[in-house]
Amino acid sequence: MSTTITYQQPNEQGYYGKFGGAYIPEMLYRNVEELRTRYLEIMEEKTFQQEFRQLLKDYVGRPTPLFLATRLSKELNASLYLKREDLCHTGAHKINNTVGQILLARRLGKTRIIAETGAGQHGVATATVCALKGMQCIVYMGEKDIERQAPNVARMKMLGAEVIPATSGSKTLKDATNEAIRDWINNPTDTHYIIGSVVGPHPYPDMVARFQSVISEETRWQLKEATGSELPTHVIACVGGGSNAAGAFYHFLDEPSVQLVAVEAAGHGVNSGMSAATTQLGKPGVLHGSKSLVMQTEDGQVVEPHSISAGLDYPGIGPLHANLFDSKRGLFLSATDEEALEAAFHVTKTEGIIPALETAHAFAALKQLKLKPTDKIVLCLSGRGDKDLATYMNNMKL
Ligand SMILES: *Cc1c(COP(=O)(O)O)cnc(C)c1O
């Protein structure tokens with residue numbers, strides 16, 4: 001373990017400052033402990049790295065371009081570079097993590113993969129890599145979400161996954177997570193649980209951040225090629241659980257000259273009671289196995305979040321980000337549903353790129369930054385907007 005202070009890596013117990021750790025029921029101890037003791041050694045193996053890098057190149061389509069958005073740059077009066085994760089196979093950054101975890105699961109001798117999904121994006125990314133590797137795939141999904149997200153349910157089934165409805169509670173993501181955990185407890189030897197963001201008990205946040213860190217690894221050399229310098233002045237990304245932001249920030253976390261900007265979903269407005277701006281509304285608490293900032297009532301009940309984008313509709317945030325907020329290393333902004341929609345339409349017309357609704361929040365927050373003409377901003381374009389077309393159609397002003 002390094003003794004210098006770094007925002008990249010948690011300590012031995014999985015803490016980033018005050019946040020992180022592994023708060024798990026006794027019955028999960030064996031599974032999580034196996035992962036904790038093996039993940040770094042496996043990820044550092046030469047053959048693992050070779051196979052991971054090859055799949056990122058030939059299957060995911062990496063490196064993704066770093067694109068200078070000239071028309072938006074002119075409006076901002078600064079240089080805006082877009083890191084094109086929307087061009088990844090399956091349409092978003094999530095596949096970087098599921099490719100990594102499927103290879104890790106195989107090296108742990110697992111034959112069965114489980115995952116939970118809300119809108120279905122992580123479920124599709126998981127079902128995709130299971131098809132690629134011929135692994136059994138079970139995706140837990142709230143009954144209500146199954147109704148709302150029919151195209152993604154169809155994709156998962158076509159890819160060979162079994163989609164099991166979670167029928168308890170509000171029949172959404174939180175209930176699907178409970179079902180997945182129950183499954184893992186009952187199948188400790190043959191099953192790996194693929195978590196889709198930098199959340200969950202240690203070592204998940206660190207493991208997922210490392211798999212996603214390929215985003216900033218590429219950004220450094222691409223920016224050097226384009227501008228002569230590896231360092232931008234700002235990196236900006238939207239934050240649900242925080243995996244695309246963690247990947248985009250990772251190799252800049254310990255570069256103090258780079259301003260890191262995380263954008264949360266304000267929903268109808270931070271103080272409207274219909275929001276998902278966790279750092280603004282949350283307090284320290286335990287959610288899904290780690291200590292972080294959580295939207296909760298006085299007596300600790302988790303508050304239902306709201307965002308127009310399913311990927312940001314989460315009442316917590318990964319511990320790496322809670323520490324960036326707490327230490328002020330990161331600047332946390334938010335954008336409302338309406339601002340995100342407006343930004344999505346504007347970006348589409350100005351650059352010919354239809355962004356995911358999640359990413360649109362990052363675009364919407366650009367005008368909150370105080371910029372100079374010499375500034376170089378990298379925005380993580382986490383995904384494409386095809387999945388959001390129904391929402392866009394309902395809000396189009398023709
Ligand atoms: C899932 C998703 C997000 C939010 O998840 P993070 O873990 O915060 O990155 C953002 N953008 C897109 C396109 C997504 O699919």
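Visitor: What makes the pair R53 and E217 a salt bridge?

Guide: A salt bridge is a side-chain nitrogen of Lys or Arg within 4 Å of a carboxyl oxygen of Asp or Glu, and because the closest N and O atoms of R53 and E217 are 2.8 Å apart, the pair meets that rule. This is a predicted model, in which local features need pLDDT of at least 70 and side-chain atom pairs count only at pLDDT 80 or more, while totals for chains, interfaces and linings use all residues. Side-chain values use heavy atoms, without hydrogens and water, and residues are numbered from 1 along each chain as its sequence is written.

Visitor: How many salt bridges cross the interface of domain 1 and domain 2?

Guide: The rule finds 2 across that interface. The domain assignment, automatic or from a database, gives domain 1 as 15-55 + 94-207 and domain 2 as 63-92 + 213-394. Between them they bury about 2,400 Å², 63% of it on carbon and sulfur atoms, buried area being the accessible area (1.4 Å probe) that two parts lose on being put together, summed over both.

Visitor: Why is the largest nonpolar core said to lie between the domains?

Guide: Both domain 1 and domain 2 give residues to this core, so it lies between them. Such a core is a set of buried (under 20% relative accessible area, 1.4 Å probe, protein chains only) Ala, Val, Leu, Ile, Met, Phe, Trp, Tyr and Cys residues joined through side-chain atoms within 4.5 Å. Of its 51 residues, F48, L104, M156 and M207 touch the most other members, and the largest share, 6 residues, comes from α4.

How values were computed: Buried means under 20% relative accessible area, exposed over 50%, partly exposed in between (1.4 Å probe, protein chains only). Helices (H or I, at least four residues) and strands (E, at least two) are DSSP runs, numbered from the N terminus.
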